[in-house]
Amino acid sequence: MDYEQKFLRYLKLQLNYSPNTIEAYQHDLGYLLGYCQDNQIDPKDVKLEDLQHFAATIHEHGVGSSTQARILSGIRTFYRFLVIEGIIKDNPTELLESPHLSEHIPEYLSTEEVDLLEASIDLSIREGQRNKAIIEVLFSCGLRVSELVNLKLSDLYFNEGYIRVIGKGNKERLVPISPRAIHELELWFMDRNLMNIKQGEEDYVFLNNRGAHLTRVMILTMVKRQAVKAGITKTISPHTLRHSFATALLRGGADLRSIQAMLGHESIATTEIYTHIDITTLREEIELHHPRNIKDKS
């Protein structure tokens, strides 16, 4: 078994990463393995200077700074694995610097815009109530789209007011669910109960018209289509509703640690991006309403 296959096996069995995450690591590692092949370097013999040259190479090919950072992060994981396995003694990535990332504040929707999104859904069509329930659950619970498509009926605890979510690394967390989301789900279940559900799919909450569970692409397509129908000009995706959930919590007075737990973030640093969203909005409000910023209208 070569280095790459051993590494992918490690991601699956030791780190318990999802197939999608493993595929992303394999794709990013391919950049380095291709570089090593072109330069006749064995990956285990790579030095810091080689990695610095490699990083410069991908930059010159027009790879953006955020993608560069992701690729280099995957390569660090790869070399930590080689050290753990005893294949190499010293980790060449320890002094490897990532590109400087400009601060990116994610797009989000206000509660009013989420209401517009839901109001644009045609409830007379077969999948209408299902789509409304999907949007409400994404907004009310802050789920990743991968968590939503894998949500099971056995994960729902409506009487207690929470759902069980299996997140990254197969980590389980409990997330409160709003009465509004429960209501929309119960309406969807009335339609769902009339469906012919495929064997093995009976426990999935959200199903397509053929009785099988939905894919991430299906939900992405639906959300983008509804945004157009609702007249929302922002570029949004299912993840936008997760950002909207966190932003609404922060504005409502929730502390960052609570938001971190509900989102399933491993690091509080990931959650802190939402403080930047709130500060940006606060600055806009000050510029619009503070008397020192209002021009003389006389």
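A residue is called buried when its relative accessible area is under 20%, and glutamate 118, at 3% relative accessibility, therefore counts as buried. The legends below apply this cut-off to a predicted model.

**Figure 1. The whole chain contains 13 helices and three strands.** Of the 298 residues in the protein chain, 41% are buried. The accessible surface of the chain comes to about 17,200 Å², and carbon and sulfur atoms contribute 50% of that area. Among contacts with a separation of 6 or more, 55% are made by residues 24 or more positions apart.

**Figure 2. Glutamate 118 and arginine 180 meet through their side chains in a salt bridge.** The N to O distance is 2.9 Å. This pair links distant parts of the chain: glutamate 118 belongs to helix 5 (residues 111–119) and arginine 180 to helix 8 (residues 179–192), 62 residues apart. Glutamate 118 is buried at 3% relative accessibility, whereas arginine 180, at 38%, counts as partly exposed. Both residues belong to a network of salt bridges that also links Asp115, Lys132, Glu136 and Glu184. Side chains of opposite charge can pair when their charged atoms come close.

**Figure 3. Two further salt bridges are shown, from the 11 that the structure holds.** In one of them, the side chains of aspartate 155 and arginine 164 meet at 2.9 Å, N to O. Aspartate 155 is buried, with a relative accessible area of 7%, while arginine 164 is partly exposed at 23% relative accessibility. In the other, lysine 44 pairs with aspartate 45, and the closest N and O atoms are 3.5 Å apart. Lysine 44 is partly exposed, with a relative accessible area of 34%; aspartate 45 is likewise partly exposed, at 38%.

**Figure 4. Strand 2 (residues 162–166) and strand 3 pair in the antiparallel sense.** The pairing extends over five bridges, and in one of them valine 165 has arginine 173 of strand 3 as its partner. The two strands form a hairpin with five residues between them. Within the turn, glycine 169 has a positive phi of about 65°. The side chains of strand 3 (residues 172–176) alternate: Arg173 and Val175 point to one face and are buried, whereas Glu172, Leu174 and Pro176 point to the other face and are not buried.

**Figure 5. Nine aromatic pairs are found in the whole structure.** The rings of phenylalanine 7 and tyrosine 25 have centres 6.1 Å apart and planes at 70°, so this pair is edge-to-face. The pair links distant parts of the chain, with phenylalanine 7 in helix 1 (residues 3–13) and tyrosine 25 in helix 2 (residues 19–38), 18 residues apart. Phenylalanine 7 is buried, with a relative accessible area of 0%, and tyrosine 25 also counts as buried, at 18%. The rings of phenylalanine 78 and tyrosine 79 are edge-to-face as well, because their planes lie at 75°, with centres 5.1 Å apart. Phenylalanine 78 is buried at 0% relative accessibility, as is tyrosine 79 at 0%. Ring pairs join these four residues with Tyr10, Tyr17 and Phe81 into a cluster.

**Figure 6. Lysine side chains lie over the rings of tyrosine 204 and tyrosine 108.** Lysine 152 lies over the face of tyrosine 204, at 4.8 Å from the ring centre. Over the ring of tyrosine 108 sits the charged end of lysine 234, 5.5 Å from the centre of that ring.

Terms used. Residues are numbered from 1 along each chain as its sequence is written. This is a predicted model: local features need pLDDT of at least 70, side-chain atom pairs count only at pLDDT 80 or more; totals for chains, interfaces and linings use all residues. Side-chain values use heavy atoms; hydrogens and water are left out. Buried means under 20% relative accessible area, exposed over 50%, partly exposed in between (1.4 Å probe, protein chains only). Helices (H or I, at least four residues) and strands (E, at least two) are DSSP runs, numbered from the N terminus. Two strands pair if DSSP finds at least two bridges between them. Contact means heavy atoms within 4.5 Å. Accessible areas come from the Shrake-Rupley method with a 1.4 Å probe; for residues, only the protein chains shown count as cover. Rings of Phe, Tyr and Trp (its six-membered ring) pair if their centres lie within 6.5 Å; planes under 30 degrees apart count as stacked, over 60 as edge-to-face and the rest as tilted. A charge sits over a ring if NZ of Lys or CZ of Arg is within 6 Å of the ring centre and within 35 degrees of the ring normal. A salt bridge is a side-chain nitrogen of Lys or Arg within 4 Å of a carboxyl oxygen of Asp or Glu.
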